[in-house]
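Good morning, everyone, and thank you for making the time. Please have a look at what I am about to put on the screen, and then I will walk you through it piece by piece.

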Amino acid sequence: MTSSFRQALYSGEFIITAEAMPPKGGDPSHMLEMVKPLKGRVHAVNITDGSRAVLRMSSLACSVLLQQNGIEPICQMTCRDRNRMALQSDLMGANALGIHNILALTGDPVKAGDHPDGRAVFELESVRLLKVIDKLNQGIDSNDKPLTDGALNMLAGAAVDPQLKSWSGLQSRFEKKLAAGAQFFQSQLITDFERLDKFMTQVASQSDKPILAGIFLLKSAKNAQFINRCVPGVQIPDEIIERLANAEKPLLEGMRIAAEQIKLARDICQGVHLMAVKREDLIPQILDLAEIAPLA
């Protein structure tokens, strides 16, 4: 499969990615049904890797399933559950299976999820994982030993949070990920677009790597309040919560809000990363509302 995502990154066009959640069980049919409408509307779809430390199907297996269905995947890989040998082994396997887009993540703490008594690994974190991927692309492993059966061809990305309270911390972390080889960045949920603009002009402008703003589909006022309560560093503004509370059709209003935010992001950065948990099938309608045409 030709990588439309990689081509879009290097051509400078406006990039659209989405996010899908793996199934909790052995049947992927519902996940595939949800992402099927995204074909031809997004450049790639992220498959989460135990997001919020909740047990789900392997992100690598789901990435292969997406690719078999004509959708380019971005395989998220976290350091929470694997040591460096297992991470490198999975990366080699992904490469062999034609999965070349990786989002390197540290991973949410085990205690936050549904197996709080599980044992976390965290031998690496996202910056060191990016460095390992860069080495594998050069044909050497993390111990600087040659890969006797060929180098990898991975496009590694990283997460960024422009709304992080510590500006110096944000800048330092971004610079470390750049130096470690990150080729693109997907942001956490954005609600403060002035802050995003400041990040783009004062921090991200030092690099030509694309930044994709995280846009989240809010389904109701209750959903927005839950995010404010449970997602660290995110604050949905009161006026958005009021819009959702007063709307005759809250879900439709949430779609309109997401479309407005896509339009704002289009003037600020090179792309958007759309998160519509359990309603990925609505993303094409959101893109229509945002006047984003299907991909050529």
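Let me begin with strand S1, residues 15-20, and strand S2, residues 44-47, which pair in the parallel sense over 4 bridges. Within that pairing, alanine 20 has isoleucine 47 of S2 as its bridge partner. I should say at once that this is a predicted model, and the values I quote are computed from it.

If we now step back from that pair, how many strands close into the barrel, and in what order? There are 8 strands, in the order S1-S2-S3-S4-S5-S6-S7-S8, and the pairing is parallel. From one strand to the next, the twist averages 30°. Packed on this sheet is helix H6, residues 167-180, which touches S5, strand S6 (184-189) and S7, and whose direction makes about 175° with that of S5.

Staying for a moment at the beginning of the barrel, let me point out histidine 43, which sits in the loop between helix H2 (29-35) and S2. Its relative accessible area is 4%, and because buried means under 20%, this histidine 43 counts as buried. Leaving aside residues up to four places away in sequence, histidine 43 touches Ser4, Phe5, Ala8, Glu13, Phe14, Ile15, Ile16, Glu72 and Leu295.

Next, I would like to turn to strand S4, residues 101-105, where 5 of 5 residues are buried. Which of these residues point one way, and which the other? Asn101, Leu103 and Leu105 point one way from S4, while Ile102 and Ala104 point the other way, and all are buried. On one pairing of S4 we find strand S3, residues 73-78, joined to S4 by 4 bridges and running parallel, with glutamine 76 standing opposite leucine 103. To get from S3 to S4, the chain passes through helix H4, residues 84-96, in a β-α-β crossover that is right-handed. S4 also pairs with strand S5, residues 155-160, again in the parallel sense and over 4 bridges, and here asparagine 101 stands opposite leucine 155. Together with helix H5, residues 126-137, the strands S4 and S5 make a right-handed β-α-β unit.

That brings me to H5 itself, which has 12 residues and reaches 17 Å from its first C-alpha to its last, close to the 16 Å expected at 1.5 Å a residue. At the start of H5, a side-chain oxygen of glutamate 125 comes to within 3.0 Å of the backbone nitrogen of valine 127, and just after H5, glycine 139 takes a positive phi of about 90°. Buried in H5 are Ser126, Val127, Leu129, Leu130, Val132, Ile133 and Leu136, and these buried residues pack against S3, H4, S4, S5 and H6. As a reminder, an α-helix has 3.6 residues a turn, so residues three or four places apart point the same way.

Finally, let us look at helix H10, residues 250-266, whose 17 residues should span 24 Å at 1.5 Å a residue, and whose end C-alpha atoms are indeed 24 Å apart. The buried residues of H10 are Glu253, Gly254, Met255, Ile257, Ala258, Ala259, Gln261, Ile262 and Ala265. They pack against helix H7 (193-202), strand S7 (211-216), helix H9 (238-246), strand S8 (271-275) and helix H11 (283-289).

Thank you, and I am happy to go back to any part of this.

Key
Residues are numbered from 1 along each chain as its sequence is written. This is a predicted model: local features need pLDDT of at least 70, side-chain atom pairs count only at pLDDT 80 or more; totals for chains, interfaces and linings use all residues. Side-chain values use heavy atoms; hydrogens and water are left out. Helices (H or I, at least four residues) and strands (E, at least two) are DSSP runs, numbered from the N terminus. The expected span of a helix is 1.5 Å times one less than its number of residues. Buried means under 20% relative accessible area, exposed over 50%, partly exposed in between (1.4 Å probe, protein chains only). Contact means heavy atoms within 4.5 Å. Two strands pair if DSSP finds at least two bridges between them. A crossover is right-handed if, with the strands pointing away from the viewer, the path from the first strand over the helix to the second runs clockwise. Axes are lines fitted to C-alpha atoms, for helices over the stretch in contact, and angles run from 0 to 180 degrees between N-to-C directions. A polar contact is a pair of N or O atoms within 3.5 Å; within protein, one must be able to donate a hydrogen and the other to accept it, and residues adjacent in sequence count only if both atoms are side-chain atoms.
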